Amino acid sequence: MARVYLDWNATAPLRPEAREAMIAAMDAVGNPSSVHAEGRAAKAIIEKARAQVATALGADGADIVFTSGATEAAALTLAGRDFAGAEIEHDAVGAWIRPVLATSRDGRVSVTDPAHSTLQLANSETGVLQTLPDGLAVSDLTQGFGKVPFAFNWLGLDMGLVSAHKLGGPKGIGAVVLRRGLDLAGQIRGGGQEMGRRSGTENIIGIAGFGAAAEAAARDLSEGVWDRVKELRNSLELNLASVAEETIFVGKDGPRLPNTSCIVTPGWKGETQVMQLDLAGFAVSAGSACSSGKVRASRTLRAMGFDDIAAASAIRVSIGPETQEEDLSRFAEAWLSRRAKARLRVA
């Protein structure tokens, strides 16, 4: 049996549009900072991608600053500043903030001082969507970009963080989207690339792939592709819930990403489930893929009020447009089979 990939929130499969754009960009000989024809051709690739990303984000008129990923984007926008945030933020953001904002049982965060705070649009583990307050300083838009409709220009944000590989672009490329007119001091100094905010010769191949992926993701969203994904996700949860009465589907009663199920079965360790399902041919995770090779109790779930046993008993199933109903039927059969054995051992 072919393996089934159910970890799209960790990274999405590379889109064919991104692959084609990257291959074409490999033939660009010039340095984009050079003024000759070859340099201008390389620069044109970057500017085309910049426009594609801006359009997909609804950020026309904003500044797109390319980085090596959302982690660098977080450091660029947050380092050296005093921002408040919540425990549920991704580690890339959490490394720079004061985690003082409380999280409710349903995963929602209240922001008291938007101008000095950061709040993610969507949580990578639970899929819970936030309502961003007007005037918010920074938001991690990574998981929502390409999956739910929004426009940066309508959010009232100063700065947003995005990553290419979450929407089918290449790994190792991301961006800060910056409200036009807002100053941002660069951390990497040198040649003054990216409007002086991120020096270093641009990753033309990665940027080209990012632009093509963003354009394709926006098209999918407008065509309702993620509505089908949501139906598949909901069907899976109903299937599992009909048998597993003790299992909790985190955030299911509120707004969530259309593709994400955070499945908590208290007493059945998430780490064990991930390994068992991997051996059965299914790729799922036990939370955010931010700590290489590490599986531990979910900080997000603990912030939401779950106890340590429940927080260590979660897996995340995140699907995408390529996921088929048969894939989820096979997954449900495998998961329920192993759950039954786990219950027997506990008994």
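In the predicted model, the C-alpha centres of domain 1 and domain 2 lie 27 Å apart. Domain 1 is assembled from two segments of the chain, 4-11 and 224-346, while domain 2 is formed by residues 16-223. Contact between the two domains involves 30 residues of domain 1 and 31 residues of domain 2.

The chain as a whole contains 11 helices and 11 strands. Its radius of gyration is 21 Å, close to the 20 Å that the globule rule gives for 347 residues, and the chain is therefore as compact as a globular protein of that length. Along the principal axes, the C-alpha atoms occupy a box of roughly 75 × 45 × 35 Å. Buried residues account for 55% of the 347 residues. When contacts between residues at least 6 apart in sequence are considered, 64% of them join residues at least 24 apart. The exposed surface of the chain amounts to about 15200 Å², of which 53% is supplied by carbon and sulfur atoms. The chain carries 37 positive and 40 negative charges, and the mean positions of these two sets are 4 Å apart.

Helix H3, spanning residues 70-78, is mostly covered, with eight of its nine residues buried. The buried positions are Ala 70, Glu 72, Ala 73, Ala 74, Ala 75, Leu 76, Thr 77 and Leu 78. The cover over these residues includes four strands and a helix, namely S2 (63-67), S5 (138-140), S6 (159-163), S7 and H4. Just after H3, Gly 80 adopts a positive phi of about 80°.

Strand S3 and the loop that follows it were examined next. Ala 84 is placed in strand S3 and counts as buried, at 7% relative accessibility. Apart from residues up to four places away in sequence, Ala 84 touches Arg 98, Val 100, Leu 101, His 116, Ser 117 and Thr 118. By contrast with these contacts, a separation of 33 Å lies between the C-alpha atoms of Ala 84 and Val 274, which are 190 residues apart along the chain. Ile 88 is located in the loop between strand S3 (84-86) and helix H4 (91-94). Although placed in a loop, Ile 88 is buried, with a relative accessible area of 4%. With neighbours within four places in sequence left aside, the contacts of Ile 88 are Thr 103, Gly 107, Val 109, Gln 120, Asn 123, Gln 130, Arg 299, Thr 300 and Ala 303. Ile 88 belongs to the segment assigned to domain 2, whereas Arg 299, Thr 300 and Ala 303 fall within the 224-346 segment of domain 1. The contacts of Ile 88 with Arg 299, Thr 300 and Ala 303 thus join residues assigned to the two domains.

A further loop, between strand S7 (174-178) and helix H6 (204-222), holds Glu 194. Met 195 is likewise found in the loop between S7 and H6. Most residues other than glycine have a negative phi. Glu 194, however, has a positive phi near 55°, and the phi of Met 195 is also positive, near 60°. The two positions differ in burial: Glu 194 is buried, with a relative accessible area of 4%, whereas Met 195 is partly exposed, with a relative accessible area of 46%. Met 195 is 107 residues from Ile 88 in sequence, and their C-alpha atoms are 32 Å apart in space.

In domain 1, Val 229 provides an example of a pairing between positions distant in sequence. Val 229 lies in helix H7, which comprises residues 225-241. At 0% relative accessibility, Val 229 counts as buried. Val 229 and Pro 321 are separated by 92 residues in sequence, yet their C-alpha atoms are 6.1 Å apart in space. Pro 321 is also among the contacts of Val 229 beyond its neighbours within four places in sequence, together with Pro 258, Asn 259, Ile 319 and Gly 320.

Notes:
Residues numbered from 1 in each chain as written. Predicted model: local features only at pLDDT ≥ 70, side-chain atom pairs only at ≥ 80, totals over all residues. Heavy atoms only, no water. Helix = DSSP H or I, 4+ residues; strand = E, 2+ residues; numbered from the N terminus. Rg over C-alpha atoms; globule rule 2.2 N^0.38 Å. Buried < 20%, exposed > 50% of the residue type's maximum accessible area, 1.4 Å probe, protein only. Contact = heavy atoms within 4.5 Å. Areas by Shrake-Rupley, 256 points an atom, 1.4 Å probe, with all protein chains shown as cover. Lys, Arg positive; Asp, Glu negative; His and termini not counted. Charge placed at Lys NZ, Arg CZ, Asp CG, Glu CD. Domains from an automatic or database assignment.
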